[in-house]
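Colleague: Hi! I'm new to this one, could you walk me through it?
Modeller: Happy to, here it is.

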Amino acid sequence: MTKFTVNDRPVQYRMDPATPLLWALRDASNLTGTKYGCGTGDCGACTVDIDGEAVRSCQVTIAAAEGKFVTTIEGLSPDRGHPLQQVFAADNVSQCGYCIPGVIMAASALLRRTSDPSDEEIDAAITNICRCGIYPRLRGAIQRAGRVMRGEEVVDAVPPSGIAPEEAAKAVPALRRP
Ligand code: FES
Ligand code: FES
């Protein structure tokens, strides 16, 4: 039995210890926000946070995660209001969206280290592959999220009437709770 913490909850997996973390999260925990892209550690679609570091979950066995703290896109913010989520929604950063959970998990680890990353730091930290080619607006969105985190800016999306700009991400239909 492999035990660790996922999104602040203790979990025990009765699975082969060699099972990639990605599949335990998706198939056993139904945390399907973490995506499968390549399975070879190249694309970053499966990126999660393990003990504060962005890690490609297809390359980590559940045995290797024993005793660690794993955070997936579902656990990044209890109300989906992390500055990255707000900015990505407000600035229409996503296209198909498939790569976005992995990008956001990599970016959140970066912003935890530095809320004012340079272009070079972003390029080094975000090596995720996006088939839709959102790269031109990625740096700006991450730097803007950093400014939001530092309290220098608020997200000025155009939310439906009655919803404050900082609540805009939560107003996106795909993110709305039933
Ligand atoms: S699915 Fe893990 S890096 Fe592509
Ligand atoms: S937004 Fe489509 S793969 Fe990145």
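Colleague: Let me jump right in: where is Asn92 found?
Modeller: Asn92 is found in the loop between α2 and α3. Before we go on, this is a predicted model, where local features need pLDDT of at least 70 and side-chain atom pairs count only at pLDDT 80 or more, while totals for chains, interfaces and linings use all residues. Residues are numbered from 1 along each chain as its sequence is written, and chains are lettered from A and ligands numbered from 1 in the order in which they are written.

Colleague: Thanks! Is Asn92 buried or exposed?
Modeller: Asn92 counts as exposed, because it has 12 C-beta neighbours inside 10 Å. A residue is buried if 20 or more other C-beta atoms lie within 10 Å of its own, exposed if 12 or fewer, and partly exposed in between, with C-beta atoms placed from the backbone.

Colleague: And what is its phi?
Modeller: Asn92 has a positive phi of about 50°, although it is not a glycine. Most residues other than glycine have a negative phi.

Colleague: Which residue in the loop between β3 and β4 can you tell me about?
Modeller: Asp51 sits in that loop, between β3 (47-50) and β4 (53-56). Asp51 is not a glycine either, and its phi is positive, about 50°. With 13 other C-beta atoms within 10 Å, Asp51 is partly exposed.

Colleague: Let's zoom out. How many helices and strands are in the chain?
Modeller: The chain has 6 helices and 5 strands. These are DSSP runs numbered from the N terminus, helices being H or I with at least four residues and strands E with at least two. Along the sequence the pattern reads β-β-α-β-β-β-α-α-α-α-α.

Colleague: How much of it counts as buried?
Modeller: 41% of the 178 residues of the chain.

Colleague: What do the first two strands in that pattern do?
Modeller: Strand β1 (residues 2-6) and strand β2 (residues 9-13) pair in the antiparallel sense over 5 bridges. Two strands pair if DSSP finds at least two bridges between them. Phe4 stands opposite Val11 in β2. The two strands form a hairpin with 2 residues between them, and Asn7 in the turn has a positive phi of about 50°.

Colleague: Back to α2. Why is helix α2 described as largely enclosed by the rest of the structure?
Modeller: Because 8 of the 8 residues of α2 (residues 83-90) are buried. Among them are Leu84, Val87 and Phe88.

Colleague: How does α2 pack with α5?
Modeller: α2 and helix α5 (residues 135-149) pack at an angle of about 130°, with their axes 9 Å apart. That makes α2 oblique to α5. Axes here are lines fitted to C-alpha atoms, for helices over the stretch in contact, and angles run from 0 to 180 degrees between N-to-C directions. Angles under 35 degrees count as roughly parallel, over 145 as roughly antiparallel, 65 to 115 as roughly perpendicular and the rest as oblique.

Colleague: One more: which residues does Ala107 touch?
Modeller: Not counting residues up to four places away in sequence, Ala107 touches Leu84, Ile126 and Ile142. Contact means that the C-beta atoms, placed from the backbone, lie within 7 Å. Ala107 is in helix α3 (residues 100-113), and it counts as buried with 28 C-beta neighbours inside 10 Å.

Note on methods:
Two residues are in contact if their C-beta atoms, placed from the backbone, lie within 7 Å.
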